[in-house]
Amino acid sequence: MRTVRTLADALDAGPVLLDGGLSNQLEAQGCDLSDTLWSARLLADAPEQIEAAHLAYLRAGARVLITASYQATFEGFGRYGIDRAGTGALLARSVELARGAADAARRADPDRETWVAASVGPYGAMLADGSEYRGRYGLSIRELERFHRPRVAALAAAGPDALALETVPDLDEAEALVRVAEETGLPYWLSYSVAGGRTRAGQPLEEAFAVAAGRDSVLAVGVNCCDPEEAQGAVEQAVAVTGRPAVVYPNSGEGWDAGARGWTGRGTFDPGRVRAWTRAGARLVGGCCRVGPDLVTELEGRLEGQGPP
């Protein structure tokens, strides 16, 4: 049974807690994510592990589950011999697994509200070479639209509550994603990965956030998978430019080494920052890579009792 309130209605009432990094939780469960499909491979090989990871975040206090479709594409699965029909089924499965976890949590607590957001990662995630953190792939906006449209349509047909256009590195890809998302009629959020107060491709954030300005289907605009130190300023800019709620879910603060396929540095994610984020206009808050259920539980404690702005 679907939730009574829409996610937009919930955001009007106050901050809503997202989940954390799916890959780190899957690794904690003993899953091998070493190939180029990353967590998306488990949609075919071990879907029960994905549902278990979603349940771990629900137990931690999350109210929005982001699906395991970030790196799931027709092109990526095609390289593994999975045809278009099979890929479409796996994309739908990503939504079904999150919905199944949400339904299980609701059976235990009938008053619990949980929403499912279908993850739409950038073109660079399919390449699996770190270019999702650079952008500017040499493709036109129209070419990027053609890449994203089939997977977004397949995800939308599976019935998520929203689309998560996430870890977007540049303006061109944001424009393409927004155009495709608008075709579905679903609400969505647009979230950039940023560095040094700019998009990963080096564009000013005020220009990047303006891509979503004036669009009724936009739930929130903001940043994810960035250094936590970048979050506060980005939230302030996103709200100022769009007049919409902000979404913010940084990573742990460690850096990703695409060549070694590993994380470097130390974690700097501080759940204590969440009140400053919400005061600045963030309404969807959580964590990305390397932010696990323990930190999500800490975020929930900090958010508890916060009402409308």
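**Figure 1. Cysteines and the absence of disulfides.** The structure holds zero disulfides, and this view, like those that follow, is drawn from a predicted model. A disulfide would require a pair of cysteine sulfur atoms within 2.5 Å, and two cysteines show how this condition fails. The closest cysteine sulfur to that of C225 belongs to C289 and lies 3.8 Å away, which is too far for a bond. For C226, the closest cysteine sulfur is in C225, but at 7.8 Å that pair is also too far apart for a bond. C225 has a relative accessible area of 2% and is buried, while C226, at 0% relative accessibility, likewise counts as buried.

**Figure 2. T87 and its surroundings in helix α6.** T87 is placed in helix α6, which covers residues 84-108. Is T87 buried or exposed? Its relative accessibility is 0%, and because buried means under 20% relative accessible area, T87 counts as buried. When its neighbours within four places in sequence are left aside, T87 is in contact with T73, F74, F77 and I82.

**Figure 3. I82 in the loop before helix α6.** I82 sits in the loop between α5 (74-78) and α6, and with a relative accessible area of 24% this residue is partly exposed. Which residues does I82 touch, leaving aside its neighbours within four places in sequence? The contacts of I82 on that basis are F77, T87 and L90, and F77 also appears among the residues in contact with T87. The view may be extended to A44, which is 38 residues from I82 along the chain, the C-alpha atoms of the two residues being separated by 9.7 Å.

**Figure 4. The packing of helix α6 against helix α8.** Helix α8 is made up of residues 141-157, and α6 packs with it at an angle of about 50 degrees, the two axes being 8 Å apart. That angle makes α6 oblique to α8, and the crossing in which α6 passes α8 is right-handed. From α6, the contact is made by R84, L91, S94 and V95, and from α8 it is made by P150, R151, A154 and L155. What kinds of residues make up the contact of α6 with α8? They divide into five nonpolar, one polar and two charged.

Note on methods. Residues are numbered from 1 along each chain as its sequence is written. This is a predicted model: local features need pLDDT of at least 70, side-chain atom pairs count only at pLDDT 80 or more; totals for chains, interfaces and linings use all residues. Side-chain values use heavy atoms; hydrogens and water are left out. Helices (H or I, at least four residues) and strands (E, at least two) are DSSP runs, numbered from the N terminus. Buried means under 20% relative accessible area, exposed over 50%, partly exposed in between (1.4 Å probe, protein chains only). Contact means heavy atoms within 4.5 Å. Axes are lines fitted to C-alpha atoms, for helices over the stretch in contact, and angles run from 0 to 180 degrees between N-to-C directions. Angles under 35 degrees count as roughly parallel, over 145 as roughly antiparallel, 65 to 115 as roughly perpendicular and the rest as oblique. A crossing is left-handed if the near helix is turned anticlockwise from the far one by less than a right angle, and right-handed if clockwise. Ala, Val, Leu, Ile, Met, Phe, Trp, Tyr, Cys and Pro count as nonpolar, Asp, Glu, Lys and Arg as charged, and the others, Gly among them, as polar.
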